[in-house]
Amino acid sequence: MKFIHYIERVSGVSMYGLTSLLLFATIFGVMLWYAVRADKCVIEEIRQMPLDDDNLPQ
Amino acid sequence: MQADKFYYDNRIVKWFAYAVLFWAIVGMLAGLWAAIALYYPAINLGLPPTTFGRMRPVHTNAVIFAFVGNGIFMGVYYSLQRLCKARMFSDTLGKIHFWGWQLIILTGAITLWAGKTSGKEYAELEWPIDIAIAVVWIIFGINLFGTLVRRRERHIYVAIWFYIATWVTVAMLHIVNSVELPVTMWKSYSWYAGVQDALVQWWYGHNAVAFFLTTPYLGLMYYFLPKAANRPIYSYRLSIIHFWALIFIYIWAGPHHLLYTALPDWAQSLGVVFSIMLIAPSWGGMLNGLFTLRGAWDKVREEPVLKFLVVAITCYGMATFEGPMLSLKNVNAISHFTDWTIAHVHIGALGWNGFLTFGILYWLIPRMWNTPLYSRKLAGTHFWIGTIGIVLYAVPLYWAGFTQSMMWKSFSDEGQLKFQFLETVTHILPMYIARSIGGALYLTGALIMVYNLRKTIAKGNFIANEAAEAPALVAAPAPASRQYWHRWIERRPMQMLVFSLIVVALGGLIELIPTFLVKSNIPTISSVKPYTPLELQGRDIYVREGCYLCHSQMVRPFRDEVARYGEYSKAGEFVYDHPFQWGSKRTGPDLARIGGKYPDSWHYNHMLDPTSMSPGSIMPSYVWLFDHELDTAVTYKKIRAMQALGVPYPDGYAGQANKDLVEQERAIKASLKGDKISTGQNKEIVALIAYLQRIGKDIKAAPREQTAGAQDGRAVLGN
């Protein structure tokens with residue numbers, strides 16, 4: 001009655017683990033690539049956004 | 001270019017801020033009450049609503065959904081308008097959102113006190129409230145996305161990504177976990193049973209922490225920290241990686257709440273791997289927050305707002321380091337079911353959520369009322385009382401958790417368990433007292449804040465509509481050759497919504513599908529039968545009184561647990577459990593093998609006065625079960641509902657269920673009579689005894705090969 005034996009009967013069960021790892025690696029890789037290569041001016045512009053909205057006297 | 005003139009809506013922010021202050025005090029008071037009940041059970045005054053089993057869900061719901069929930073909305077409604085350079089999409093939707101949410105909280109508190117609960121942690125609210133939550137959440141979503149569509153700012157700042165991910169994921173989690181079959185107006189059964197229910201519940205439960213207590217607050221951090229420190233976030237690139245890695249990894253980590261349980265091994269391993277990976281984005285976010293203050297630490301010494309934010313971010317770092325550690329199986333074997341978990345979550349709740357909210361309130365209210373804070377000194381006092389409160393709360397509980405676990409696992413030289421369960425409880429009571437002092441200090445700090453902000457409000461002038469101007473957003477220029485797809489997505493809220501949903505839904509689906517799709521995933525045990533009508537009624541009383549908040553029903557395959565409770569739990573034992581009742585904390589002993597362990601009279605006396613059977617017990621007395629009549633009018637509906645969920649009662653059984661119920665009741669009353677106890681007709685206590693005497697017994701009737709641990713290759717683990 002070991003649980004894992006039943007799971008092994010699911011056809012292609014290893015797919016679930018593999019998919020998860022692949023998905024993660026892909027998304028993470030793409031994000032990293034984008035984050036590193038993104039345009040410096042745009043990044044700086046967005047970075048300043050919270051400080052760019054003051055209307056009230058401080 | 002002509003600039004548009006418009007006004008930010010501060011009134012909705014003010015309402016949510018008032019709600020935060022109000023529910024903070026209510027939620028903390030309920031928590032303090034529950035904490036005291038653990039060493040002084042008589043604090044319930046003999047009333048059902050004030051027992052630990054009902055106060056605890058009131059506390060958790062009030063803190064999570066009322067205090068933090070309103071905190072999210074307060075921060076989002078303030079920051080979103082400014083980051084979009086636009087007023088909220090609709091003032092009316094904002095009002096409906098606000099009052100709808102408060103009504104949900106109020107109804108939630110009343111029903112929980114009344115014992116109306118679906119019995120799933122952090123999702124206790126019954127089906128009509130679940131529907132109301134979904135409706136109000138959608139209204140919030142329309143307002144959120146409507147504002148984004150009308151924005152005057154081309155880019156969407158990272159804080160808003162966190163808000164979008166929060167909205168979409170909470171919607172998904174809430175809907176999937178709340179699928180339940182209504183029986184009456186305030187009673188429903190979870191659609192899922194046993195292992196599946198547990199997996200869905202902790203997929204939800206863990207991600208409620210992730211997407212209700214973490215991602216929206218990270219969004220707030222990315223907005224309010226730069227504001228308060230008056231400098232941009234340390235690294236915007238890091239925040240991009242932080243966001244995507246966090247939402248993607250978090251969604252997988254749920255099964256770490258079910259290590260060593262009857263959950264499939266592969267799902268447990270998946271949960272562990274992703275939990276460990278979570279350290280990276282979490283610490284990336286924490287460092288991004290702390291590095292923002294580089295060169296500004298002199299300001300932190302002066303400014304109470306920054307003090308609160310720094311401790312909040314530090315606590316975030318501590319909790320997100322500890323979380324992955326707790327999900328390691330060898331650490332979890334010690335920590336699970338103990339106060340260690342409670343200490344861990346309170347570093348998050350008191351430190352991260354609490355202090356971040358306080359910091360934002362101290363920053364926000366003087367600005368919206370256009371006046372300096374009434375007293376910076378009082379804010380400093382609040383900071384120190386609160387910080388000492390957190391330490392005094394957490395340290396004793398870490399100690400208690402570790403000590404108790406070690407005591408559970410101690411064997412004498414003769415190979416006998418060294419301590420009775422009760423001894424391990426009475427041993428840590430001083431730690432419980434210290435914890436409640438820590439909690440009381442934290443509450444005192446919050447009261448000081450309420451006073452301070454009240455005074456600030458009194459001397460200021462509220463700016464309901466704050467004037468602003470910004471040029472209208474014109475169509476984006478033709479894409480340049482180096483136009484990255486991410487820039488395309490980060491400018492478009494709807495694409496962002498869809499992409500976030502895909503990312504989180506994929507994680508959820510891959511995790512859940514195998515357990516659902518294949519029947520053989522839950523090995524059935526032929527001797528496990530549906531509950532009798534009386535037992536089913538008793539089980540509902542067990543759920544109503546929140547017994548699962550102190551008693552687990554899950555014997556893990558450890559030497560000490562098998563020696564203490566009996567054979568370890570199998571997945572097939574829970575196939576008729578709607579909802580599952582595995583629990584997550586053992587303030588009392590596990591009950592998975594309680595059936596048949598004691599005579600009926602023991603349970604009768606124990607529920608009437610727990611100390612009569614277990615001297616020193618901290619369980620409250622459940623006197624009302626001896627007076628309340630069992631509602632047999634709903635037996636028919638309950639059996640029908642169970643049949644609809646696939647529980648194999650014979651056709652037409654619902655009609656004769658009450659006959660069987662009366663018969664079983666008569667048998668239990670006869671057995672009680674044998675011990676010189678006479679009880680009235682149709683009392684709730686008899687149904688509860690029937691259920692308790694059934695738990696974990698079916699498996700004992702099974703042939704050896706179906707249940708024996710040795711033959712399935714899964715040996716009982718040593719400590």
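Me: Which helices of chain B do the buried residues of α21(B) pack against?
Reply: This is a predicted model. Helix α21 of chain B spans residues 600-608. Its buried residues are D600(B), H603(B), Y604(B), H606(B) and M607(B). They pack against α22 (610-613), α24 (653-674) and α25 (684-694) of chain B.

Me: Which peptide bond is cis, with omega near -5°?
Reply: Look in the loop between α20 (559-565) and α21 of chain B. P579(B) sits there. The cis bond, with omega near -5°, runs from H578(B) to P579(B).

Me: K676(B) has a positive phi although it is not a glycine; is K676(B) buried or exposed?
Reply: K676(B) lies in the loop between α24 and α25 of chain B. Its phi is about 65°. The cut-off for exposed is 12 or fewer other C-beta atoms within 10 Å. K676(B) has 7 such neighbours, so K676(B) counts as exposed.

Me: K85(B) also has a positive phi without being a glycine; is K85(B) buried or exposed?
Reply: K85(B) is placed in the loop between α2 (52-84) and α3 (91-113) of chain B. Its phi is about 50°. A residue counts as buried at 20 or more other C-beta atoms within 10 Å. K85(B) has 22, so K85(B) is buried.

Me: How far apart do the C-alpha centres of domain 1 and domain 2 of chain B lie?
Reply: The domain assignment puts domain 1 of chain B at 1-156 and domain 2 at 533-712. Their contact takes 18 residues from domain 1 and 17 residues from domain 2. The C-alpha centres lie at a separation of 35 Å.

Me: How many charged residues are on the side of domain 1 of chain B that touches domain 2 of chain B?
Reply: Domain 1 brings 18 residues to the contact. By class, six are nonpolar and eight are polar. The charged residues number four.

Me: Over which residues of chain B is the pLDDT below 50?
Reply: Chain B has a mean pLDDT of 91, and 93% of its residues reach 70 or more. One stretch has 19 contacts in the model beyond near neighbours in sequence. Where pLDDT is low, the predicted coordinates should not be read in detail. The stretch below 50 is residues 706-715.

Me: What pattern does chain A follow along the sequence?
Reply: Chain A has 58 residues, and buried residues make up 10% of them. It holds three helices and zero strands. Read along the sequence, the pattern is α-α-α.

Me: What ipTM does the model score?
Reply: Two scores are given for the model. The pTM is 0.92. The ipTM is 0.78.

Definitions and conventions. Residues numbered from 1 in each chain as written. Chains lettered and ligands numbered in written order. Predicted model: local features only at pLDDT ≥ 70, side-chain atom pairs only at ≥ 80, totals over all residues. Domains from an automatic or database assignment. Contact = placed C-beta atoms within 7 Å. Nonpolar A, V, L, I, M, F, W, Y, C, P; charged D, E, K, R; others polar. Helix = DSSP H or I, 4+ residues; strand = E, 2+ residues; numbered from the N terminus. pLDDT = per-residue confidence, 0-100.
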